[in-house]
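Reader: I should be grateful for a close look at a single part of this model, namely the place where two of its chains meet. Please define each term as it arises and then follow the elements concerned outward.

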Amino acid sequence: MPEKHYLNATYGIRSWLLTTDHKRIALLYLASVTFFFFIGGFFAMMIRLHLLSPNGYLLSADTYNRMFTMHGVAMIFFFLIPSIPAVLGNFLIPLMIGAKDLAFPKINLLSWYIYVVGGAFTLYSMVTGGLDTGWTFYTPLSTVYSNSAVAPAVIGVFITGFSSILTGLNFLVTVHTMRAPGMTWFRLPLFVWAHYATSVVMILGTPVIAITLALAGMERIFGLGFFNPAMGGDPILFQHLFWFYSHPAVYIMILPAMGVISELIPTFARKKLFGYHFVAAASLAIAVIGFLVWTHHMFLTGQSTYSALAFSFLTFLVAIPSAVKTFNWTATLFGGSISFDTPMLYAFGFLGLFLIGGLTGLFLGCLGIDMHVHDTYFVVAHFHYIMVGGAVMGYLGGLHFWWPKITGRMYPEWLARIAAFILFVGFNLTFFPQFVLGYLGMPRRYHVYPPEFQVYNVMSTAGASILAIGYLLPMIYLTWAAFYGKVAGDNPWPATGLEWKTPSPPPTENFEVTPVVTWDAYDFHNRPDLGLDVPGHSAVVQTHGNG
Amino acid sequence: MHRTGALYGQFKTLEQQKDTASLGMWIFLVTEVMFFGGIMLAYTVNRHTYFPAFAMGSNTLSIQLGGFNTVVLLASSFTMAMAVWSAQTGKKQLISIFLTLTILLGFVFFGVKYIEYSQKFHHHLVPGRNFDITFCVNNPDKCEDISAKEMDVEREEIAKALAADPNLNAHAQLYYSAYFGMTGLHALHMVIGAGLLMWLLRGSLAGRFTPEWNTPVDIVGLYWHFVDIVWIYLFPLLYLIDRYK
Amino acid sequence: MQSPLPFFPEEASNFAGKVDAVFSFVLFTCLFFAVLVTLLTIYAAFKYRRNKPDEVGSQVEGNTLLEIGWTAIPLILALGMFAWGAVVYVNYRTAPKDTLDIYVIGKQWMWKLQQPNGKKEINELHIPVNRDIKLILGSEDVIHNFFVPAFRVKMDVVPGRYNTMWFRATKIGKYHFFCSQYCGTNHAAMGGWVTVMDPADYAAWLSDETGDINPVSAGEKLFSQLACVTCHIANGTGRAPSLNGVYGAKVLLADGSTVTADDAYIRESILQPKAKIVAGYQPVMPTFQGLVSEEQILSLTAYIKSLQSQPVPAKGAGIAPAPAGKK
């Protein structure tokens, strides 16, 4: 392990709280998103425990309604949206493109503080009356009728949105202006392409939710009437404004995870990603078409049939680039040299679960099916398959893959594989029964339900308990490994990205000498420095600073 | 990261740094377009649905004050552009002069806005606080700043508007929600802009801006022009709805 | 009841089979691709597993033909799914002409339903089997949603507007209905039962009134109490159009356009009379906003609807000239 690196370069709490080093900021984010993950997870446990019985005698109706609302708010705005971009993106993007830092390091730190302030407001809302409007804040329930702490929650989410905007802005500019010599656009790792596409969505979409929440907040506090029919307003206008961001938001959540998978599969199959250009283009296509489908959340609001037809059609279109990516990932495996390290297990898990989650989106986009399953557990199962089965798997896979780079130490491989397996089993047991529940007709956000739905609910809760263990394990062993794990070396896998050409952990300035790039991404055949056995080349092993 | 003269550590050349700052400000302005766009959409939808009420609301605004403010902001954009030009051509004293003029014009704008807002408060035209679009027409003695002739015109307009829309007050309140929302948001952006200008002024008085390095002047200029353009949209949308007669 | 681990609800409406059919199509298509990709992945994971620690994979960039193929085929299948679903949905959004109309009001946290003869129910809906039913949905407060899983239909109930939904129950029995849009504390308790009956039984149930007021007579009373009758004279000689035959007819407006006089038009005419002026008449009708409740509007509408069968005067109904005519 190198003597001086970014973790021990300077000491003291001020050197962390006032850092402008993107790697330290990534760790600040890691701490805060993990905190909110467990808050959201706590609410999830309460939901599943309560739903063990159809009469719901664990929690009162009002308390249950607060549980699912705050579960959604914490997980979406404070975990899923920031997680991969703010933790892995912040840490890796400068390293991957050969830069010393992001374009705007101080704005990066500012974005973390904004997140913390927004989180504080939302936590305040949670402890002073809670929030029971659903994370979707539909009016006039949220603006007129709810008796919960809507205003602080709306302010909290509003503020945190700017954290997202600044992160996206930073990434976009960085990728445009800070690439090392030779790092052309089509040599960029697909992780970077994925974050570029994500950043486009962040900067175009987030301001809209900001103004929407501002209007809803003012309506609640000052009694304005934009969304209140009693005053001439229109609750459907709120839905349009809300979903204009919140649909692209789901692409903010999944595109980075897809970017992680696009790194993991080539690395662990030791083969170029099949169809690099198509995968890069597909990321951009998802970002763009993702802005054109928001009304598929509103097929049954009584809107014009023509509008429903148009948005259903567009919804089917947005599925195609995701399908293309899935086929390309699978094709990469053929002819590869595949190992089953933990990150690759997460990649396989992602493939399977994202497949189900993505395909079930087709059911919902199909008008003749949505008229039955809209606002039922079918929808809940669909988005959890993508967000948990997809995005969280991608996040954990990425954390494991880059943990040696971030900490200089390796996690315990066999324990990690067991945890990955537990997660996969627990996840499916939790959420697959919910597809059935949805088609049978169990609506969402129900604190009591007809007794015929109990069997599937019990299955789901059993799965959730297993899932909880699956999440606790990495939390514990990754923390342990950061201090006591085996020293990993610069490039334990080995992988082809520029981030692996610096010591583990990297020095504060990332690269002592600015690298000059002459190779394609994932080009194992033209990287003699990796010391692998490439047919036609002799194995040249270069060691620098191992251990 | 420590500053090497004017070059920040993560950059290799001043040109790279300048391009980065510029691109950053342009992308930020795109996010501002989306931000204002949301409230403009809400305004547009409601104006289409409640045109008589929105026209009435617009008629209670002073086109003279609004027009004057428009000229003031356009002038301030000119002085801002001149400040940027001065920086680019190395005329250091002129930078400070033009920045000062821009700030002063900004304050004139605020002054007029203050007059307009306080008028609305007195005329019961603030949403949520006993909003009453007919207040002045029914209590001319309490609205002395409206001349007798203007009062007659307004009385006629109110009567027509009420006939077209019995719910005039509720819908006019929607108009005023949009009015305060949009102009308030705009004013907030101007306050931030004024703050940025004062920070620039400090720098220009210390002689920091040269033809080789004047990025802050450049990008604050971009921001200021954007804020001006937002007003160019707001003025016709809010003040000029029903004036073609 | 149902077996311990059921997957599908009962099929009890004209839409149930259609929805289940398109669902099955999408399910089997997706299952095919999911299984295909999964099998390919498992196969590749085994066949190409690493044999030696330093081994690398082969150098493959991609295959443009394959990319085109696996873009085009999913696209075609996706469009097929879209089209089939669209057909079912358009059918659902286009109510037939001759429906039995039932008014449904959702409020926190109960449903108030009103049969055509005025008989009211709370959290219960009695309907005859094999008859086209149209529900006209209104809300008194927040957004709700009326959902009958066995019929495979639902529709949002939005305050400030009417939404409609239609279906034809095909099996006698009792079926759950639910509120399916989160509406606050007792959202989950806001459900009830749809009872589908033999037409004779339904007629018997319907006429078994104990103290229920016929909305048509309530509406007639209101019509004179609120002085509508002073201007809307039946023989067309009044200041306002006669309302004989107006419900469901095409009305000619002052600006030259025509509009169908449905429930929404009647409600708008009562609350915002200046919105649409009938050709040949002055905009003098006062508004009744704040003077009538939603239920009173329903009664007035029921009365006006009953005037369909009254003789239409030569002048004064504002009905567009032939060939548009009635309904």
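Author: In this model, 78 residues of chain A are in contact with 79 residues of chain C, two residues being in contact if their C-beta atoms, placed from the backbone, lie within 7 Å. The model is a predicted one, in which local features need pLDDT of at least 70 and side-chain atom pairs count only at pLDDT 80 or more, while totals for chains, interfaces and linings use all residues. Residues are numbered from 1 along each chain as its sequence is written, and chains are lettered from A and ligands numbered from 1 in the order in which they are written.

Several helices of chain A each supply at least two residues of the side that touches chain C, among them helix 3 (61–80), helix 10 (276–289), helix 12 (342–365) and helix 15 (413–440). Helices (H or I, at least four residues) and strands (E, at least two) are DSSP runs, numbered from the N terminus. Helix 11 of chain A gives the most to this side, with 14 residues. By class, the side of chain A that touches chain C holds 49 nonpolar, 21 polar and eight charged residues. Here Ala, Val, Leu, Ile, Met, Phe, Trp, Tyr, Cys and Pro count as nonpolar, Asp, Glu, Lys and Arg as charged, and the others, Gly among them, as polar.

Helix 11 of chain A covers residues 305–333, and its 29 residues should span 42 Å at 1.5 Å a residue; the end C-alpha atoms are 44 Å apart, which agrees. The expected span is 1.5 Å times one less than the number of residues. Helix 11 of chain A is followed by G335(A), whose phi is positive, near 85°.

Helix 13 (367–373) of chain A also supplies at least two residues of the side that touches chain C. In the loop between helix 13 and helix 14 (377–407) of chain A lies D375(A). The phi of D375(A) is near 60°, a positive value in a residue other than glycine. D375(A) counts as buried because it has 23 C-beta neighbours inside 10 Å; a residue is buried if 20 or more other C-beta atoms lie within 10 Å of its own, exposed if 12 or fewer, and partly exposed in between, with C-beta atoms placed from the backbone.

On the other side of the pair, chain C is divided into domain 1 (9–46 + 61–212) and domain 2 (215–309), with bounds from an automatic or database domain assignment. The centres of these two domains of chain C, taken over C-alpha atoms, are separated by 33 Å. Their contact takes eight residues from domain 1 of chain C and five residues from domain 2 of chain C. Strand 1 (100–107) and strand 5 (132–139) of chain C each supply at least two residues of the side of domain 1 that touches domain 2.

Chain C also has an open sheet of five strands in the order 4-10-9-6-7, with mixed pairing; two strands pair if DSSP finds at least two bridges between them. Strand 4 (124–128) and strand 7 (153–157) of chain C stand at the edges, each with a single partner strand, so one side of each is left without a neighbour in the sheet. Strand 4 of chain C runs parallel to strand 10 (residues 192–197) of chain C, and five bridges join them. One of the bridge pairs is P128(C) with M197(C) in strand 10 of chain C.
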